[in-house]
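The exercises below ask the reader to work through one chain, from single residues to a sheet, a helix and a strand. Each task is followed by a solution in steps.

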Amino acid sequence: MSGHSKWNNIKRKKEGTDAKRAKIFTKIGREIALAVKNGGANPVSNTKLRDIIAKAKANNVPNDNINRMLAKAEGAGAEDYVAMNYEGYGPAGIAVIVETLTDNKNRTAADVRHAFDKYGRGMGANGCVSWQFKEQGVLIVDRAEGLNEGPVDEDELMMQAVDAGAEDFVAEDDVFDIYTAPDDFSAVLEALEGLGYSFISAEVAMVPQNTVHLDSEEDVQKMEKMIELLEDNDDVQNIWHNWEE
């Protein structure tokens, strides 16, 4: 599974401008708002909220910001968002899933369709590409700084992750990828945090089961522009694809 470009995507986001980081904070705020609406503001009883808070911390959202997001989500007049997913095809038939949270479904649908039409092969019906993905918890640990800001021993982390309930462990050049069942994500995260590990990224993701390489530079540029256009949209929460960057 190591070719699904997750690490490349994270580096691109984390090396972005302050404006891009602010967008990430906005998107996580929306996820918190919906999770609180559906399950309450206590992360102990609301596992979805607990997972989103873990994702927020992995994206360097300060605790004060997280607490403000929680207070805003609980307060009177909290914004009401609806989750909508869209599926379709990027250049050369790359499978793409776009997850959104919106207060205006017509606007969001039009914006997402525009991105598919401009740079890809268009949107499809629900289910047209999602069968190519598997929902999994994904924890990414930095080799050099992932254990109490020091280097990580591969064999030790692998054994500890498996003991905590992980499904799979992949060693890459700079990072370790740990995969879990969605329901086991929080338990594995908490177990490894308790052992002193920190995470570059921690979230429940749609992981492609096979990846596709783009041979044409024109298609690569189109895919990059498509992702950039979608990422710049405040309504778009996540973009999952099977492009092997």
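**Exercise 1. Place I200 in the fold, and state whether I200 is buried or exposed.**

I200 lies in the loop between α7 and β7, where helices (H or I, at least four residues) and strands (E, at least two) are DSSP runs numbered from the N terminus. The next step is accessibility: I200 has a relative accessibility of 13% and counts as buried, since buried means under 20% relative accessible area, exposed over 50%, and partly exposed in between, with a 1.4 Å probe and protein chains only. Finally, the C-alpha atoms of I200 and N60 are separated by 9.1 Å, although these residues are 140 residues apart along the chain.

Before going on, note that the model is predicted, so that local features need pLDDT of at least 70 and side-chain atom pairs count only at pLDDT 80 or more, while totals for chains, interfaces and linings use all residues. Residues are numbered from 1 along each chain as its sequence is written, and side-chain values use heavy atoms, with hydrogens and water left out.

**Exercise 2. Describe the sheet that contains β7, and find the helix that packs on that sheet.**

Begin with the strand order, which is β5-β6-β4-β7 in an open sheet of four strands with antiparallel pairing; two strands pair if DSSP finds at least two bridges between them. The edges are β5 (168-171) and β7 (201-208), each with a single partner strand, so one side of each is left without a neighbour in the sheet. From one strand to the next the twist averages 30°. Between β4 (residues 133-142) and β7 there are eight bridges in the antiparallel sense, and K134 stands opposite V207 in β7. The helix sought is α7 (residues 185-194), which packs on the sheet by touching β4, β6 (175-180) and β7, where contact means heavy atoms within 4.5 Å. The direction of α7 makes about 10° with that of β4, with axes fitted as lines to C-alpha atoms, for helices over the stretch in contact, and angles running from 0 to 180 degrees between N-to-C directions.

**Exercise 3. Compare the expected span of α8 with that in the model, and locate its buried residues.**

The expected span is 1.5 Å times one less than the number of residues, so the 15 residues of α8 (residues 217-231) should span 21 Å, which agrees with the 21 Å between its end C-alpha atoms. The buried residues of α8 are D219, V220, M223, M226, I227, L230 and E231. They cover an arc of only 125° around the axis, taken from the directions from the helix axis to the C-beta atoms, which puts them on the same side of α8.

**Exercise 4. Determine how β8 is enclosed, and what Q237 touches.**

Six of the six residues of β8 (residues 236-241) are buried, so this strand is largely enclosed by the rest of the structure. Five bridges join β8 to β2 (residues 95-102) in an antiparallel arrangement, with I97 opposite W240 in β8. Q237, which belongs to β8, is buried at a relative accessible area of 9%. Leaving out residues up to four places away in sequence, Q237 touches K27, I28, R30, E31, E99, T100 and L101. With one of these, E31, the side chain of Q237 forms a polar contact of 3.2 Å, a term for a pair of N or O atoms within 3.5 Å in which, within protein, one must be able to donate a hydrogen and the other to accept it, and residues adjacent in sequence count only if both atoms are side-chain atoms.
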